[in-house]
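These entries record what I looked up in the structure, element by element. I began with helix length and then turned to the strands and the contact between chains.

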Amino acid sequence: MAKKAASEKLIRKGVRTDGRKPTELRNIRIDVGPLERADGSAYIEWGKNKILVAVYGPREVHPRHLARPDRAFFRCRYHMAPFSTAERKRPAPSRREIELSKVTRVALEPAIITELFPRTGIDVFIEVLQSDGGTRCAGITASSIALADAGVPMRDLVVACAAGKIDGQIVLDLNEIEDQDGEADVPVAIMPRTGGISLLQMDGILSPAEFKEALALALDGCKQVYERQKDALKGAYGQADTSMDEEGDSVGGDTHE
Amino acid sequence: MSDAYKIVAKITQKQIVDGLQQNTRLDGRGLLEYRPITTELGLIEKASGSALVSIGKTKILTGVKIETGEPYPDRPDEGVLTVNAELIPLAAPDYEPGPPGEDAIELARVVDRGLRESKAVDLKKLCIVPGKQVFVIFVDLNVLDHRGNLFDASALASVLALMNAEMQAYTVTKGGELKYRDSTVRLPLQNFPVEVTVAKIGDKMVVDTSLEEETVIDAQITIAIGKDDEVCAVQKSLFGTFSQEEIHQALEIAVEKATEIRAKVLRGVGGWLDGSE
């Protein structure tokens, strides 16, 4: 196995490049319903990732032949703004974005009760405004909040989080540098009430035992993110537990968009 | 994948699902048994390497072409590997001409990830002048007949085409000029990943699903396994979910099947994996 040029270490004395411990998540802030025109929307800041999601539908499907007689037609578009990356990203959808649109759809669809809305379409639009590693997980997490905000009936929320390997160690929630210079990345999405895994990808090199360890850590991360999702929805729609509210406020820090 | 080809009689689907409960499949295979795999190598003379792989009636043809080009700015001293997949309209009634769609792109990227992450090709050895000129390896795979399990067949055809490939030997002059010689050399390969797709139908795990079986899959996962049993790429696809336990099960199956296929199908091709390295 090729070892990275041992120039910069990603973990020094148990601390990662952004100051986190190996099994620590980045700060996550979720806003429910920031957009006016969309039927449902969400904004998520996950570390330096900034992502907006809009949901339209159930509504008429265009083009019409896509309509299904027995359920809603569910579509996702994952897209990165040209200014979201270090080097300008060309606005046309890349192969990566097309694949991520597909895996996002596959991750979310098991949760949506599409059979309640035959002949209609439900669209999820994910716009990455700034990316810093882990955008697909943040996008999926925000999408299920936007779907809830749109009132789309769901069996469960969908929550995503990645684990990976850097400097020979299995860690939670890789940022961009760790993703690029690390040894492996394992993004996972689950429906938390059943534990059903609806997204699982991996690239890099892991032994089977390490892969199982990374999967377990990612699942643990998902459970933590799930709490943030619930807090966000309670904050927007319900009488949230006040102790949680305070905690939620301190997480985001900067409230300026 | 798309709904259009799901034209399989309900009664057949029921037979498949019921049969699996008794651990039998319509074509008589075991649950963890592949259809016969056959390979034909080097049948496209104009390509640097090529492989036609059949798994049962599924047929994939992969060609490797080698050109020179510029490296990626963030990897100035490495050659470039690109994988492209075409679901051409002759392979199935619902495939249409046009630029690659979502399914073709996913297929290409899953094959690409298996090769790239396992470091199948030593790209550092394909650099001519750092930052300026490198070799670019194009792996183009064409689905010729779609009878199920495109991921595994495509990955197999691609690694075989690379093993089959030869490039012209060359030297680089002091001035950084590329000079070809009259002989040929093998590509600098160092890993031989095999991708195994495990499908869940009801509560049963099966490998190498046929087209008919693919209409009743609940969820599937493709796992690329390198020569030291390392996991180098994973892609869960299709709707439906797995439990953590089921993923562990799929991983075990993938490691076992990959080892088996590597020994039976890859060993000795192009002089690789004959036990000497």
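**Entry 1. Helix α5 of chain B.** The expected span of a helix is 1.5 Å times one less than its number of residues. I note at the outset that the model is predicted. I applied the rule to helix α5(B), residues 244-266: its 23 residues should span 33 Å, and the end C-alpha atoms are 31 Å apart, which agrees.

I then asked which residues of α5(B) are buried. They are B:I247, B:A250, B:L251, B:A254, B:K257, B:A258, B:I261 and B:L266. I recalled that an α-helix has 3.6 residues a turn, so residues three or four places apart point the same way. Against what do the buried residues of α5(B) pack? In chain A I found β11 (196-206) and α4 (208-237); in chain B I found α3 (150-164), β9 (194-201), β10 (204-207) and β11 (219-225). Just after the helix, B:G268 has a positive phi of about 90°.

**Entry 2. Helix α2 of chain B.** I checked α2(B), residues 102-117, in the same manner. Its 16 residues reach 22 Å from the first C-alpha to the last, close to the 22 Å expected. I found 14 of the 16 residues buried, and the helix is thus mostly covered. B:K119, which follows α2(B), has a positive phi near 55°.

**Entry 3. Strand β5 of chain A.** Is β5(A), residues 49-60, largely enclosed or open? I recorded 9 of its 12 residues as buried, so the strand is largely enclosed by the rest of the structure. I next looked up its partners. Strand β4(A), residues 40-46, is joined to β5(A) by 7 bridges and runs antiparallel to it. Within this pair, A:I44 has A:I51 as its bridge partner. The two strands form a hairpin with 2 residues between them, and A:G47 in the turn has a positive phi of about 60°. With β7(A), residues 120-130, β5(A) shares 9 bridges, again antiparallel. Here A:R59 is the bridge partner of A:G121.

**Entry 4. The contact between chains A and B.** How many residues does each chain bring to the contact? I recorded 27 residues from chain A and 28 residues from chain B. On the side of chain A, α1 (95-108), β11 and α4 each supply at least two residues. β11(A) gives the most, with 11 residues. I sorted the residues of this side into 15 nonpolar, 6 polar and 6 charged.

**Entry 5. The sheet across the two chains.** I found that β11(A) pairs with β12(B), residues 231-237, in the antiparallel sense over 4 bridges. A:D203 stands opposite B:A233 in this pairing. I then followed the strands outward. The result is an open sheet of 8 strands with antiparallel pairing, in the order β9(A)-β8(A)-β10(A)-β11(A)-β12(B)-β11(B)-β9(B)-β10(B). Its edge strands are β9(A), residues 169-172, and β10(B), each of which pairs on one side only. The twist averages 20° from one strand to the next.

Within chain B, 6 bridges join β11(B) to β12(B), and these strands run antiparallel. B:Q220 has B:S237 as its bridge partner there. Finally, I looked up what α1(A) lies across: β8 (159-166), β10 (184-191) and β11 of chain A, together with β12 of chain B. This helix runs at about 140° to β11(A).

Key: Residues numbered from 1 in each chain as written. Chains lettered and ligands numbered in written order. Predicted model: local features only at pLDDT ≥ 70, side-chain atom pairs only at ≥ 80, totals over all residues. Buried ≥ 20, exposed ≤ 12 C-beta atoms within 10 Å, placed from the backbone. Pairing = 2+ DSSP bridges. Contact = placed C-beta atoms within 7 Å. Nonpolar A, V, L, I, M, F, W, Y, C, P; charged D, E, K, R; others polar. Axes fitted to C-alpha atoms, helices over the stretch in contact; angles between N-to-C directions.
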